Amino acid sequence: MKSKEAQTPAIQVLERMFALLDVLASHQDPVSLKALSETTGLHPSTAHRILNDLTLGRFVDRPEAGSYRLGMRLLELGNLVKARLDVRDAALPAMRELHKFTHQPVNLSVRQGDEIVYIERTYSERSGMQVVRAVGGRAPLHLTSVGKLFLASDDSPRVRAYATRTGLAGHTRNSLTDIGALERELAMVRQRGIARDDEELELGVRCMAAGIYDDQAKLVAGLSISAPADRLEEGWVVRLKETAVQISTALGHRA
């Protein structure tokens with residue numbers, strides 16, 4: 001049997017924060033500071049300090065002085081987790097089949113801000129390529145095939161705002177670091193429905209990606225094949241697109 005110490009957070013303030021969030025989650029209406037203090041056993045001043053910090057992070061809202069409710073940031077994070085889990089569950093069987101066909105790493109990625117996040121990958125040692133970015137890894141949008149899919153779904157002002165924020169920093173000599181070159185690349189992505197990374201993130205590695213869409217026709221993820229630069233086959237494009245459509249259909253998308 002686990003000890004009480006092993007079942008509680010090592011940092012006391014986190015334990016207190018969890019207690020406050022649990023109480024707020026159990027009420028539909030805003031809860032007063034007094035009620036929160038009494039229910040959790042925290043001194044009002046302690047509860048107030050923690051709630052104030054949670055409010056700054058939008059994890060808690062203060063609809064009026066002295067009362068609190070769960071904040072929208074929790075909804076945003078919850079939706080993000082749900083989307084990742086749903087996409088991963090729908091994608092994994094199809095990813096395995098695509099990997100069997102190509103014998104190269106197959107990646108599933110989503111957008112988070114100005115980066116993509118790898119949320120699933122199927123690969124084997126005989127692919128001949130060392131997997132550098134594991135699940136949970138991140139990379140800039142403009143340097144990756146999946147990232148370009150997301151940028152291509154943005155309008156021109158948003159793309160230019162992204163370029164301003166990031167400076168379009170490059171990783172290799174092939175990286176697109178000029179806004180004009182990037183916009184021309186994105187135009188081709190929109191036309192072809194396929195995005196590519198030509199050794200722009202890592203020298204010696206090329207990728208191709210197709211988009212995955214949900215029941216609202218929203219781009220929610222990208223499916224990509226990575227391979228050593230001299231092994232990426234153009235013949236894989238059709239199978240890649242078909243697999244992306246298969247996953248999108250499982251998410252409720254209708255072309």
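Biologist: Let's start with an acidic residue: does Glu120 count as buried or exposed?

Modeller: Happy to. This is a predicted model, and in it Glu120 has a relative accessibility of 16%. The cut-off for burial is under 20%, so Glu120 counts as buried.

Biologist: Which residues does Glu120 touch, if we do not count those up to four places away in sequence?

Modeller: Begin with the setting: Glu120 lies in strand β5, residues 115-122. With residues up to four places away in sequence left out, the residues that Glu120 touches are Arg88, Leu92, Met95, Val106, Asn107, Leu108 and Val135.

Biologist: On to the helices. How are α5 and α9 oriented relative to each other?

Modeller: The axes of α5 (residues 72-102) and α9 (residues 236-250) come within 9 Å and cross at roughly 165°. Angles over 145 degrees count as roughly antiparallel. Therefore α5 and α9 are roughly antiparallel.

Biologist: And what is the make-up of the contact of α5 with α9, by nonpolar, polar and charged residues?

Modeller: From α5 come Ala90, Ala91, Ala94, Glu97, Leu98, Phe101 and Thr102, and these meet Trp236, Arg239, Leu240, Thr243, Gln246, Ile247 and Ala250 of α9. Sorted by type, the residues of this contact are nine nonpolar, three polar and two charged.

Biologist: There is another helix pair I'd like to look at. How does α3 lie relative to α4?

Modeller: Helix α3 (residues 33-40) and helix α4 (residues 44-56) have axes that come within 9 Å and cross at roughly 110°. Angles of 65 to 115 degrees count as roughly perpendicular. That makes the arrangement of α3 relative to α4 roughly perpendicular.

Biologist: Which residues make the contact of α3 with α4, and how do they divide into nonpolar, polar and charged?

Modeller: The crossing of α3 and α4 is right-handed. Leu33, Leu36 and Ser37 of α3 make the contact with Pro44, Ala47, His48 and Leu51 of α4. By type, the residues of this contact are five nonpolar, two polar and no charged.

Biologist: Now α8. How far apart are its end C-alpha atoms, compared with the span its residues should give?

Modeller: Helix α8 covers residues 179-192, which is 14 residues. At 1.5 Å a residue they should span 20 Å. The end C-alpha atoms agree with this, being apart by 20 Å.

Biologist: Which elements do the buried residues of α8 pack against?

Modeller: The buried residues of α8 are Gly180, Leu182, Glu185, Leu186 and Val189. Their packing partners are α6 (145-152), α7 (156-166) and β7 (195-198).

Biologist: Can we follow that up from α6? Which residues is Ala152 in contact with, leaving aside its neighbours within four places in sequence?

Modeller: Gladly: Ala152 is in helix α6. Its relative accessibility is 12%, so Ala152 counts as buried. Leaving aside neighbours within four places in sequence, the contacts of Ala152 are Leu186, Val189 and Arg190.

Biologist: One last point, on the backbone. What is the phi of His103?

Modeller: His103 sits in the loop between α5 and β4 (106-112). With a relative accessible area of 34%, His103 is partly exposed. Although His103 is not a glycine, its phi is positive, at about 60°.

Methods
Residues are numbered from 1 along each chain as its sequence is written. This is a predicted model: local features need pLDDT of at least 70, side-chain atom pairs count only at pLDDT 80 or more; totals for chains, interfaces and linings use all residues. Side-chain values use heavy atoms; hydrogens and water are left out. Axes are lines fitted to C-alpha atoms, for helices over the stretch in contact, and angles run from 0 to 180 degrees between N-to-C directions. Helices (H or I, at least four residues) and strands (E, at least two) are DSSP runs, numbered from the N terminus. Angles under 35 degrees count as roughly parallel, over 145 as roughly antiparallel, 65 to 115 as roughly perpendicular and the rest as oblique. Contact means heavy atoms within 4.5 Å. Ala, Val, Leu, Ile, Met, Phe, Trp, Tyr, Cys and Pro count as nonpolar, Asp, Glu, Lys and Arg as charged, and the others, Gly among them, as polar. Buried means under 20% relative accessible area, exposed over 50%, partly exposed in between (1.4 Å probe, protein chains only). The expected span of a helix is 1.5 Å times one less than its number of residues. A crossing is left-handed if the near helix is turned anticlockwise from the far one by less than a right angle, and right-handed if clockwise.
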